[in-house]
Amino acid sequence: MTKDSNLSTIIVWVQNNPGVLFKLSGLIRRRRFNIESLTVSHTEKPGISRFTILVRGNKKTVEKMSKQLYRIVEVVKIRESYDKEIVARELCLIKVDTSKKEDRSDIMETAKHFRVKVVQIKPKYTIFELTGNEDKIDAFYENMKKYRIMEFVRTGRTAVFK
Amino acid sequence: MKHTGAEILCKSLILEGVDVIFGYPGGAIMPVYDALLKYPKLRHILVRHEQGAAHAAEGYARVTGKPGVCLVTSGPGATNLITGLADAMMDCVPLVCISGQVSSELIGNDAFQEADVVGITSMATKHNYLIDNPSEIAKAVKEAFHLANTGKPGPVMIDFTKDAQFAKTEYIKNLEVDLPGYKPVTKGNFFQIKKAAEEINKSKRPLILAGHGVLISKASSELLSLSQKADIPVACTLHGLSSIPNAHKNYVGMLGMHGNLAPNVMTNKADVLIGLGLRFDDRVTGKLDKYARQAKIIHVDIDPAEIGKNVDVEIPIVGDVKSVLEDLMPLINYANHKDWLEEFDKYKKEEEEKVIKVETKPRTGKIKMAEIVSCISSSAKSDAIIVADVGQNQMITARYSTFLRPNSFLTSGGLGTMGFGLPAGIGAKVGRPEREVWIIAGDGGFQMTIQEMMTIVQENLNVKIAVLNNNFLGMVRQWQDLFFEKKYSQVHMQTPDFIKISEGFGIKAEKVKERKDLINAIGRARKHKGAYLLEFEVEMEANVFPIMPTGAAVDEMRLE
Ligand SMILES: Cc1ncc(C[n+]2csc(CCOP(=O)(O)OP(=O)(O)O)c2C)c(N)n1
């Protein structure tokens, strides 16, 4: 999905014990795996949480990482997934300075082009919400950079299997 | 009937077959110490520092195959344990450690002697628990023992709040282990095993690399059968030592930085390497891109994460070494590799001439470490448990000790923890009281945990201690000599009067300065009924050879 061929998605199901996020992130830090994003949430199974980790590295790195993650006792299952196997999304919120009249219509035009949702319009700023893959969010962000971005957050990748 | 959490802990430990605990009391663990009085089956050994408890438990675990148990208080008690946990983690030693924790309502408030034990130990344990409810302790203990001693063994920490130790609940005995994410594979994939057998049967120049996994899985006799049936030379890693008797004709020596010349050099000549329960760590492989490029590597390990971590492997087999060898044996053909085995002799002779003879049979000068070690080893007829500390003394002990039976050599290999030797020797003697135990340490490492001398006295343990005193942090001095133009920086070490110190503790001691007194002094130590310390004044600036300098390949060892 993302054009960056060096990114892979690892999905990890864990027993939801206190401290498991700490152990997972600790292991990633210690083994110096390069991660782009990490999201956690509950799943359809009680007591089981799901991590979606977007990691930079080739197949070998990803394999090493998932073998290391299996050492964590709470880790129940790991799937390394290729982009064609999953539907992946990310959400971003961006707050842009729209106090200058001359910018406003351009900004709105761009937003429309990206099919971005307008969450709030105030005299000084506008908040947009965009859901999509990383490339789409990157592209929107790049386009907005020429205006004054007051705040920008993104959730990181989350995904389900096809 | 209801029991306190502390009582349930004791009952659960007994149920797991625990007979010894190494520990040190304090405020947050007092309910457990109080309960201990009611359970005399649990022998408690009072150490002098919690690090000593961890290393003693490691020594106990490694000679018995049972998890070692530690009991400490919160805060500093738990943090003092960390070095031992990290050591056990690296060397795959099963431990179950229990620390007291402040009462649950105080957690997170920086209470007196509070430490975030689960946080701090997360990276140094296989698994850990915070238990704040007495109804959870029995299950935690059951799981902890299962985790510690299955798969790749390691330390498990249970942090137990004081209120949960006091609180009462029913004791439920027959609990199921419920760890859906933990299912170590012990049986190797048969297809892979068949492929391995084909490679071994085709091989003209096979070499077995025996690691700690051989000892952990109790596969010494299977190792021997494989080596004999297919006539394959066996080299051991530091932790694989004693998995095969030194005297066996197929044993070709120790691998690694200060290992023997022949097995290291021949690693780069073999056509098939059969790695059994080892990590291929940097001390063994030397420069990775020059390591065994010509060989097909078969790697058997219980931990999938070890396979392919450092070297590329042709035939990975995830499984318990013993089980895999049992499945492999029927597929192996009888073979004769006489010519191949003879090729090792050339390097063996070279090392014998240039190093071993010089080290073990000098006629003049100060005593050398190697003479002491070989004298101890031969006096004990290769049948003692030898515990080495860290440094030159360790490498020399590994090189010049000989072994008849498995689990006879203990040292801190992965972490290289100075101060390991003395407490680990205590644990080994507690675990195997019928065996002769020798602790061999340098003057530096001995001073790191010297307080455990008193534990030896209080427990009346018959261990023999050899302090090899060169008045230097020898191994660091050696590196400064070889790789830092002999500029010595903070390696000269003044030492106390070890004889007086030892006698102060109540352990009989003597100093040995001359070669001619070696045998008799060692004989007196062995004969003495009780602990005995020998301090040897050894050559001050001797270097351990051969050496594979950092960045060198296995076939680029230096003999001088
Ligand atoms: C706890 C710890 N601190 C530092 C080191 C680094 N180190 C490795 S060997 C060594 C010297 C050991 O000296 P000594 O105990 O006298 O033994 P020798 O090498 O002289 O036999 C040192 C300082 C270590 N391995 N462990």
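**Figure 1. Polar contacts of the ligand in a predicted model.** A polar side-chain atom of B:Asn470 sits 2.9 Å from an oxygen atom of the ligand; keep in mind that this is a predicted model. Backbone atoms join in too: an N or O of B:Gln392 lies 2.8 Å from a ligand oxygen, and a backbone N or O of B:Gly416 lies 2.8 Å from a ligand nitrogen. On its own the ligand has 580 Å² of accessible area, and the protein covers 76% of that.

**Figure 2. The shell around the ligand.** In total, 18 residues surround the ligand, and the closest are B:Gln392, B:Asn393, B:Gly416, B:Gly445 and B:Gly474. By type, the shell splits into eight nonpolar residues, nine polar ones and a single charged one. Which elements give two or more residues to the shell? They are helix 17 (392-400), helix 19 (443-448) and helix 21 (474-483), each from chain B. Helix 19 of chain B supplies the largest share, with four residues.

**Figure 3. B:His55 and its surroundings.** This view picks out B:His55, part of helix 3 (residues 50-64) of chain B. Is B:His55 buried or exposed? It's buried, at 0% relative accessible area. Beyond its neighbours within four places in sequence, B:His55 touches B:Thr83, B:Gly84 and B:Asp87, plus B:Thr417, B:Gly419, B:Phe420, B:Pro423 and B:Ala424.

**Figure 4. Salt bridges around B:Lys152.** Side chains of opposite charge can pair up when their charged atoms come close. B:Lys152 pairs with B:Asp303, the closest N and O atoms being 3.9 Å apart. Along the chain these two are 151 residues apart: B:Asp303 is in the loop between strand 13 (296-301) and strand 14 (315-318), and B:Lys152 in the loop between helix 7 (137-148) and strand 7 (155-161). B:Lys152 also forms a salt bridge with B:Glu306, at 3.0 Å from N to O. That pair spans 154 residues, with B:Glu306 in the loop between strand 13 and strand 14 of chain B. B:Asp303 counts as buried at 7% relative accessibility, and B:Glu306 is buried at 3%. Zoom out a little and there's a salt-bridge network linking A:Arg71, B:Lys152, B:Asp303, B:Glu306 and B:Lys309.

**Figure 5. The B:Arg515–B:Glu371 salt bridge.** Here the side chains of B:Arg515 and B:Glu371 meet, N to O, at 2.8 Å. B:Arg515 lies in the loop between strand 19 (508-512) and helix 23 (518-527) of chain B, and B:Glu371 in helix 16 (residues 369-379), so the pair ties together parts 144 residues apart in sequence. B:Glu371 is buried, with 6% relative accessible area. Over all chains, the structure holds 50 salt bridges.

Conventions. Residues numbered from 1 in each chain as written. Chains lettered and ligands numbered in written order. Predicted model: local features only at pLDDT ≥ 70, side-chain atom pairs only at ≥ 80, totals over all residues. Heavy atoms only, no water. Near = heavy atom within 4 Å. Polar contact = N/O pair within 3.5 Å; in protein donor to acceptor, adjacent residues only side chain to side chain. Areas by Shrake-Rupley, 256 points an atom, 1.4 Å probe, with all protein chains shown as cover. Nonpolar A, V, L, I, M, F, W, Y, C, P; charged D, E, K, R; others polar. Buried < 20%, exposed > 50% of the residue type's maximum accessible area, 1.4 Å probe, protein only. Contact = heavy atoms within 4.5 Å. Salt bridge = Lys/Arg side-chain N within 4 Å of Asp/Glu carboxyl O.
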